[in-house]
Amino acid sequence: MTLLGRAAVAMWWDMAPDRRAEFEDWHSHEHFPERMSIPGFLRGSRWSAADGSEGFFVIYELDAYETLTSEYYLARLNDPTPWSKKMMPHHRNMVRSQCRVIASHGGGVASVMVTLRLSPQPGREDALSAYLRDALVALPSRPGVTGAHLLQTDTPKSGVTTEQRIRGGADAAADWIVLVSGYSDEALRQVLLSELQPTALEAAGASAGPSSSVFRLAFSMTCDDVTSTRSP
């Protein structure tokens, strides 16, 4: 899958099993349509942990970085619905990164996604960026792989929102993010054992301790889907 637009909101959190059914109902039937109704929001995707654990990964793809500070988006963040107010406190261990899309390769909508959160060593940003760009461009042509993307967090100075306060304050954020999508768990795991293996990343300029996870697609919606549901 190629990311739509030049910016994104990438989020990870845990949801307790006893809250999961209501969360998925709210997120699919209210929250996604609300977000996809905001000008500049192009697609949202929710992914659940492939190992069946409590983790989720959600990404909103945006037309431009400026969408992150638009009056429409900030209005929603600061005026959540009653159902959102009920569900927000149950987003545990939230990591929320507002990003610029640095590189995006591939096409289609995948069923499996590897997410990798990492940071460059001081002074080695250019070396790591070059390594990742070279590695990612070749990945979508492999069997089992369909897309590879590099995002970098660039948090706007918009302050703590009402939604964040409900969740307990300012969210944590990733630094650099690599996303690799495909239709084969094994193919994506092999990427984590080769180009995205911690030793290789550190040699290329990454700090120690990158965090990787594998997710399966649960639901996806575009802005056009919201428009079509409102048509006669």
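In which strand is the place of H149? H149 sits in strand 6, which runs over residues 145-153. The legends below describe close-up views of a predicted model.

**Figure 1. Overall view of the predicted protein, built from eight helices and eight strands.**
The C-alpha trace spans about 50 × 35 × 35 Å along its principal axes. A compact globule of 232 residues would have a radius of gyration near 17 Å, and the protein, with 17 Å, agrees with that expectation. Buried residues account for 48% of the 232 residues. Of the contacts between residues at least 6 apart in sequence, 84% join residues at least 24 apart. The accessible surface comes to about 10000 Å², and carbon and sulfur atoms contribute 51% of that area. There are 22 positive and 27 negative side chains in the protein, and the centres of these two sets are 2 Å apart.

**Figure 2. Close-up of H149 in strand 6.**
H149 is buried, and its relative accessible area is 0%. The view also includes E195, which is 46 residues from H149 in sequence. From C-alpha to C-alpha, H149 and E195 are 14 Å apart.

**Figure 3. Close-up of Q98 in strand 4, residues 92-106.**
Q98 counts as buried because its relative accessible area, 6%, is under 20%. Leaving aside residues up to four places away in sequence, Q98 touches A8, L68 and the run Q152, T153, D154, T155 and P156. One of these partners, Q152, falls within residues 145-153, the range of strand 6. G108 is 10 residues from Q98 along the chain, and the C-alpha atoms of the two are separated by 23 Å.

**Figure 4. Close-up of N93, a residue of strand 4 with a positive phi.**
Phi of N93 is near 55°, a positive value in a residue other than glycine. Is N93 buried or exposed? N93 is exposed, with a relative accessible area of 59%. D14 is in contact with N93, and Figure 5 is centred on D14.

**Figure 5. Close-up of D14 in strand 1, residues 7-14.**
D14 has a relative accessibility of 24% and therefore counts as partly exposed. Beyond residues up to four places away in sequence, D14 touches E54 and G55, and also H90, H91, R92 and N93. Two of these partners, R92 and N93, belong to strand 4. E186 lies 172 residues from D14 in sequence, and the C-alpha atoms of D14 and E186 are 24 Å apart.

**Figure 6. Close-up of R35 in helix 1, residues 17-36.**
R35 is an arginine with 2% relative accessibility, so R35 counts as buried. Which residues does R35 touch, not counting residues up to four places away in sequence? The partners of R35 are F41, Y60, Y73, R76, L77 and E163. Among them, Y73, R76 and L77 fall within residues 71-77, the range of helix 2.

**Figure 7. Close-up of L77 in helix 2, residues 71-77.**
L77 is buried, with a relative accessible area of 4%. Apart from residues up to four places away in sequence, L77 touches R35, R96, T161, T162 and E163. R35, from helix 1, and E163 also touch each other. Q164 is 87 residues from L77 along the chain, yet the C-alpha atoms of L77 and Q164 are separated by 8.3 Å.

**Figure 8. Close-up of the cysteines C99 and C223, neither of them in a disulfide.**
A search of the whole structure finds zero disulfides. C99 is in no disulfide, and the nearest cysteine sulfur is that of C223, 19 Å away. Why does the sulfur of C223 form no bond with that of C99? The two sulfur atoms are 19 Å apart, which is too far for a bond, because a disulfide requires cysteine sulfur atoms within 2.5 Å. C99 is buried, with a relative accessible area of 0%, whereas C223 is partly exposed, with a relative accessible area of 22%.

Terms used
Residues numbered from 1 in each chain as written. Predicted model: local features only at pLDDT ≥ 70, side-chain atom pairs only at ≥ 80, totals over all residues. Heavy atoms only, no water. Buried < 20%, exposed > 50% of the residue type's maximum accessible area, 1.4 Å probe, protein only. Helix = DSSP H or I, 4+ residues; strand = E, 2+ residues; numbered from the N terminus. Rg over C-alpha atoms; globule rule 2.2 N^0.38 Å. Contact = heavy atoms within 4.5 Å. Areas by Shrake-Rupley, 256 points an atom, 1.4 Å probe, with all protein chains shown as cover. Lys, Arg positive; Asp, Glu negative; His and termini not counted. Charge placed at Lys NZ, Arg CZ, Asp CG, Glu CD.
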